[in-house]
Amino acid sequence: MAGAPLVALRAPMAARVVELAAREGERVREAQALLVVDAMKMEHVIAAPCAGRVRGLRVAEGDQVAEGQALLWIEPGEVAAPVDATAGATAGTKESATESTKADAPKPVGARPDLQRVLDRQARLLDDARPEAVARRRARGQRTARENVADLCDAGSFVEYGALAVAAQRSRRSLDDLIANTPADGMITGIGSVNGALFDASRARTVVLAYDATVLAGTQGMRNHAKTDRLLEIAHAERLPLVLFAEGGGGRPGDVDVPVVAGLHLRSFASFARLSGRAPVIGIVSGRCFAGNAALLGCCDVIIATRDANIGMGGPAMIEGGGLGVFRPEEIGPSAVQSANGVVDVLVDDEAAAVATAKRYLSMFQGRVAQWRSPDAPALRDVVPENRLRVYDTRAAMRGLVDADSLIELRAGFGVGIHTALARVEGQPIGLVANNPLHLAGAIDADAADKLARFLQLCDAHGLPIVSLRASWSDPTSRRARRCGTRVGSSSSARRCACRSSRSCCARATGWVRWQWRRGASIRRTSRSRGPPASSARWASKAPCGWATARSWRPRPKAQSAKRCSSASSRATTSAARR
């Protein structure tokens with residue numbers, strides 16, 4: 001191609017030359033990078049339009065060039081093979097041949113340095129990178145947060161959000177220290193698939209929030225609050241169910257990078273409460289759960305706790321600082337106490353059982369299943385005695401009516417006058433309630449009314465039909481029962497039960513609820529003052545976060561109940577006295 005016209009290499013834009021890889025007389029290949037120019041803080045690579053030899057280099061590094069300005073010329077020609085140095089090649093030819101050989105050589109297999117840095121950071125998040133922390137969990141008989149998340153979600157489905165966040169403490173700790181000791185700022189957040197083998201992808205999508213007790217005691221930091229807020233926004237917008245692993249010590253005072261006073265400006269708690277009635281919210285706790293962690297746990301529709309769990313709105317330091325005494329963490333809110341007072345819905349042995357229960361509970365709100373197994377119908381013949389005065393266990397009747405192994409009893413340790421459970425009938429999820437004749441002859445006392453009312457709200461909010469089994473011989477009409485609000489609570493339960501007759505096969509048609517409804521009609525105003533309205537979804541947008549889930553609603557103390565109810569329920573009290 002001798003005598004071919006020179007080809008000009010021109011600047012594509014006004015820019016500054018930041019790198020010059022071409023030399024005068026050097027042989028270049030087509031598409032080989034010759035210059036790098038900088039424009040608007042972005043670098044642009046300029047390559048050779050054809051193979052040949054560089055002629056007339058006109059610029060140097062640092063020069064400012066105009067759009068269309070000639071940078072160099074290339075004399076078209078074939079690029080010869082590298083010349084052997086032993087054949088008398090010049091030093092310049094040797095250098096050019098070496099560079100050409102390097103350029104033609106295959107690139108090494110592996111990640112780029114920048115990608116490798118990201119992979120190294122992600123590897124430091126895993127349990128294998130923190131053997132000492134894992135060993136401490138094993139010593140206490142517990143699993144790590146990542147093991148619980150992996151057990152909950154289908155294999156390979158969990159997508160983590162904000163994994164590379166660290167604690168907001170850079171002004172007093174080095175970045176390497178924070179990366180090593182505060183991975184993900186102590187909280188694993190993301191979206192995964194739960195029960196994907198039973199339901200399609202849209203119904204299996206679930207938001208997961210898991211506090212990591214091995215990182216700063218699972219406390220709530222500014223970064224993990226931001227992660228929480230982001231996932232709560234997604235859950236609310238897309239109506240995704242949420243599972244919270246709540247083990248941790250509450251607010252963290254050491255995050256000094258963010259100027260705050262008490263941390264009360266956060267929106268995490270209000271956003272969490274707004275999910276009530278919009279999507280199922282499940283709380284799981286093992287170990288210690290205090291302060292802010294317990295506040296989020298209390299807003300869940302259901303709380304699943306292990307037997308070694310401790311739940312309290314204040315930890316040992318807060319209790320001691322308030323002058324209330326010195327207590328060990330194990331003495332504050334043990335699960336046995338919290339199950340008996342209705343805080344814990346399901347009590348299990350360990351975290352594996354808690355996760356399995358959470359998956360079963362969540363499946364009740366994901367839809368109908370295709371595969372189910374009928375109960376042993378003949379076994380129901382012996383459940384109800386022929387003697388009408390003989391008490392019996394209505395839970396046996398509940399198990400005999402629903403699909404095998406589908407019954408999940410809620411708040412079994414509280415309000416023993418009535419049983420509440422979720423179950424399936426031919427694969428269809430339902431709510432199931434039954435009086436307990438072993439307690440007060442099946443009468444509904446204050447605790448049982450509270451338990452029933454909240455269960456009916458749960459089923460109503462998520463559109464589950466309700467089946468009620470009546471096994472009641474009496475109604476508590478004593479002075480003590482009236483002071484505890486038993487009559488008011490019962491009629492309140494009936495009002496909730498009747499709120500959505502078009503959506504639920506309610507227990508309103510059963511005897512005791514119908515009876516309570518008639519007798520309680522005169523005190524409906526009093527009932528209304530004792531708790532949230534019937535429609536939890538409508539109430540959630542207006543009420544405080546505690547009433548949004550009705551978890552904080554409890555019967556009033558005796559003296560207060562008697563004072564408030566004496567005037568409003570005088571007619572009902574007089575009627576009960578006459579009876």
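1. On the surface of this predicted model, L115, V118, L119 and L164 form a nonpolar patch with about 300 Å² of accessible area together. Patch members have over 30% relative accessible area and no salt bridge, like charges being joined within 9 Å and nonpolar side chains (Val, Leu, Ile, Met, Phe, Trp, Tyr) within 5 Å; the areas come from the Shrake-Rupley method with a 1.4 Å probe, and for residues only the protein chains shown count as cover. V118 has its place in helix 2 (residues 113–123), where helices are DSSP runs of H or I with at least four residues and strands are runs of E with at least two, numbered from the N terminus. At 35% relative accessibility V118 counts as partly exposed, that is, between buried (under 20%) and exposed (over 50%), with a 1.4 Å probe and protein chains only.

2. Residues are numbered from 1 along each chain as its sequence is written. Local features need pLDDT of at least 70 and side-chain atom pairs count only at pLDDT 80 or more, whereas totals for chains, interfaces and linings use all residues, and side-chain values use heavy atoms, with hydrogens and water left out.

3. The largest nonpolar core (buried Ala, Val, Leu, Ile, Met, Phe, Trp, Tyr and Cys residues joined through side-chain atoms within 4.5 Å) has 38 residues, of which F245, I282, I284, I304, Y361, L410 and L422 touch the most other members. Helix 14 (residues 446–461) gives the most to this core, with seven residues. Beyond its neighbours within four places in sequence, L410 is in contact (heavy atoms within 4.5 Å) with residues including V302, Y361, L422, F455 and L458.

4. Four strands form an open antiparallel sheet in the order 5-4-2-7, two strands counting as paired if DSSP finds at least two bridges between them. Strand 5 (42–47) and strand 7 (64–65) each have a single partner strand, so one side of each is left without a neighbour in the sheet. Strand 2 (residues 15–20) and strand 4 (residues 33–39) are joined antiparallel by four bridges, and E19 has V36 as its bridge partner in strand 4.

5. There are 23 salt bridges, each a side-chain nitrogen of Lys or Arg within 4 Å of a carboxyl oxygen of Asp or Glu. One of them links R146 and E160 (3.0 Å, N to O); R146 lies in helix 4 (residues 145–152) and E160 in strand 9 (residues 159–161), so the pair ties together parts that are 14 residues apart in sequence. R146 is buried, at 16% relative accessible area, whereas E160 is partly exposed, at 24%.
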